[in-house]
Every structure is written in structure tokens, then in C-alpha cells.
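Reader: I should like to go through this structure with you and ask, term by term, on what grounds each label is given. Please set the values against the cut-offs as we go.

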Amino acid sequence: MKTKRPILFDLDGTLWDTRAAITESWNNSFEAHGLGRPVTVENLSPLLGKTMDAFRLAYLPDMQEGPGRELMTLIEDKEVEDLSSGCESCVYDGVIETLRTLAKDHWLGIVSNCQCGYIEDFLIASGLDDVIEAHLCYGQTLTSKGQSILRIMKENNLENPCYIGDTFGDQAAAQEAGIDFIWAEYGFGQNVEEKGIKQISDLASDPYFVELLK
């Protein structure tokens, strides 16, 4: 029986880093549609954690909304396909071991602003599908991350969960859902909280966070 606080995780920058793989996949798709190779790790990074409309506006600013969304859907689907064929190296060191340790006493879930299929790619790469008990993404809910957190809480009867993420957007989502937030300071965000975990294993080994997650 899981006796300690439920834990919800963000994905990009918290559990893995797929920026290089996404850059390659998206550039191949853009190039196939005669749009060159506009994506770099540098211009992709600030967009991670945002919805797909933010990506569309960044990379297809001159394309009408309808065709732009259609093209982005094709690009996203190809990304999911490409990542499913192997992105084990994208998973941060310590994630697999730490989540398996936490799962002994904590209910674990994932909430991300990604498209459908992307969390499943992470589960394939990490082999953690047996310890992640539920997950939700923007592609399923089409709502803010905070509302997605509230939905997964309601659907799974979660009491007093904690959300772990790396950006101000993740912090805001936790605030919207009215739950505690832990900053993954090794991720993509900067100066989000005064204190954060320096590595994922801190969740199971640092006395401060172990106590917080009781």
C-alpha cells in the first residue's frame, strides 16, 4: 500500500532531455515540406513546456492557423514515431532508479504539456510503465497544465500530491492546482525557487525533500 504523498512529475527537463532528438526530427520534417531546417536546440529550449500552438507561432509565423496546425500535427506525429525507436540516452541519470525507489511508497504520475504519444515514448525509453500509475498530456485535455493536474487528481482520488518540474510554468501550474511544488533546478528553468533538487535522487535521499514528501 502506498502510504506517502502522491508525486506528479513534469517530463521535459525533469525526467529527460530530448532536445537534440526533437531538433533532428523536426528539421527533417520541415525540410521535407520545403521549409528548411529552422530548429536549433537554442531556439527550441525556451518553448519546451509550452503548448504546441507556441511552437507553431515560433516556427510557422507566416502560415495561416489552420494549415499551420495541420502541419504541426504531422511534425508532432513524426516526432513521436522517431522517439519511440529509441531515446534511452535522453533519460536523465538516476531517474529510473529513483522512481523505482519512490514507487515503493508513493503513487507516481506524469502531467505534461506535450502531444499524445510523447509520454508513452518516455515510458518505452525508461521502462517505467510499471511504476507510473497514470499520466495526462495537453493533447488529451487541451487545457492548462494546472487544470490537467486537477483532472488527474480527481480521476485518481489523489490527496495532497506534490508536483515536480523545472520551469516557472510548472510552478504556476502547481499554484493553479493548489498543490506544493518542488523545483528540479538541474532542468531548463533558472531561479524558479530558492531551493530545489540538484539531482533527481535528492527526492529519495535528501532529508529535506524526504520529509516534505512524507
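Author: Let me begin with the largest pocket, which holds about 260 Å³ of space in what is a predicted model. Its lining comprises 21 residues, and those nearest its centre are L48, G49, T167, G169 and D170. Two elements, α8 (145-155) and α9 (168-177), each give two or more residues to that lining, and α9 provides the largest share, with 5 residues.

Reader: What makes a residue count as part of the lining of a pocket?

Author: A lining residue has an atom within 4 Å of a point of the pocket, and 21 residues line the largest pocket.

Reader: Why is the contact between R69 and D53 called a salt bridge?

Author: The label requires a side-chain nitrogen of Lys or Arg within 4 Å of a carboxyl oxygen of Asp or Glu, and the side chains of R69 and D53 meet at 2.6 Å, N to O, so the pair qualifies. R69 lies in helix α4 and D53 in helix α3 (residues 52-59), 16 residues apart, and the pair thus links distant parts of the chain.

Reader: How do you know whether R69 and D53 are buried, partly exposed or exposed?

Author: Buried means under 20% relative accessible area and exposed means over 50%; R69 has 40% and D53 has 22%, so both count as partly exposed.

Reader: What makes K214 exposed, while its partner E211 is given another label?

Author: K214 has a relative accessible area of 54%, and is exposed because the cut-off is over 50%, whereas E211, with 49%, is partly exposed. The two form a salt bridge, their closest N and O atoms being 3.1 Å apart. Elsewhere, salt bridges that share partners join D53, R56, E65 and R69 into one network, and the structure holds 15 salt bridges.

Reader: Why is D206 said to have no salt bridge?

Author: The nearest side chain of opposite charge, K195, is 4.4 Å away, and a salt bridge needs the two atoms within 4 Å, so the pair is not counted. D206, which is buried, sits in the loop between α10 (202-205) and α11 (207-212), and its side chain reaches the backbone nitrogen of Y208 at 2.8 Å.

Reader: What makes helix α6 mostly covered?

Author: Of the 9 residues in α6 (residues 118-126), 7 are buried, among them Y118, F122 and L123. The elements that cover these buried residues include α1 (19-32), α4 (65-84) and β3 (132-137).

Key: Residues numbered from 1 in each chain as written. Predicted model: local features only at pLDDT ≥ 70, side-chain atom pairs only at ≥ 80, totals over all residues. Heavy atoms only, no water. Helix = DSSP H or I, 4+ residues; strand = E, 2+ residues; numbered from the N terminus. Buried < 20%, exposed > 50% of the residue type's maximum accessible area, 1.4 Å probe, protein only. Lys, Arg positive; Asp, Glu negative; His and termini not counted. Polar contact = N/O pair within 3.5 Å; in protein donor to acceptor, adjacent residues only side chain to side chain. Contact = heavy atoms within 4.5 Å. 1 Å grid on protein atoms, 1.4 Å probe; cavity = no way out; pocket = protein on both sides within 12 Å on 5 of 7 lines; lining within 4 Å. Points joined across faces, edges and corners; volume = space filled by probe spheres on them.
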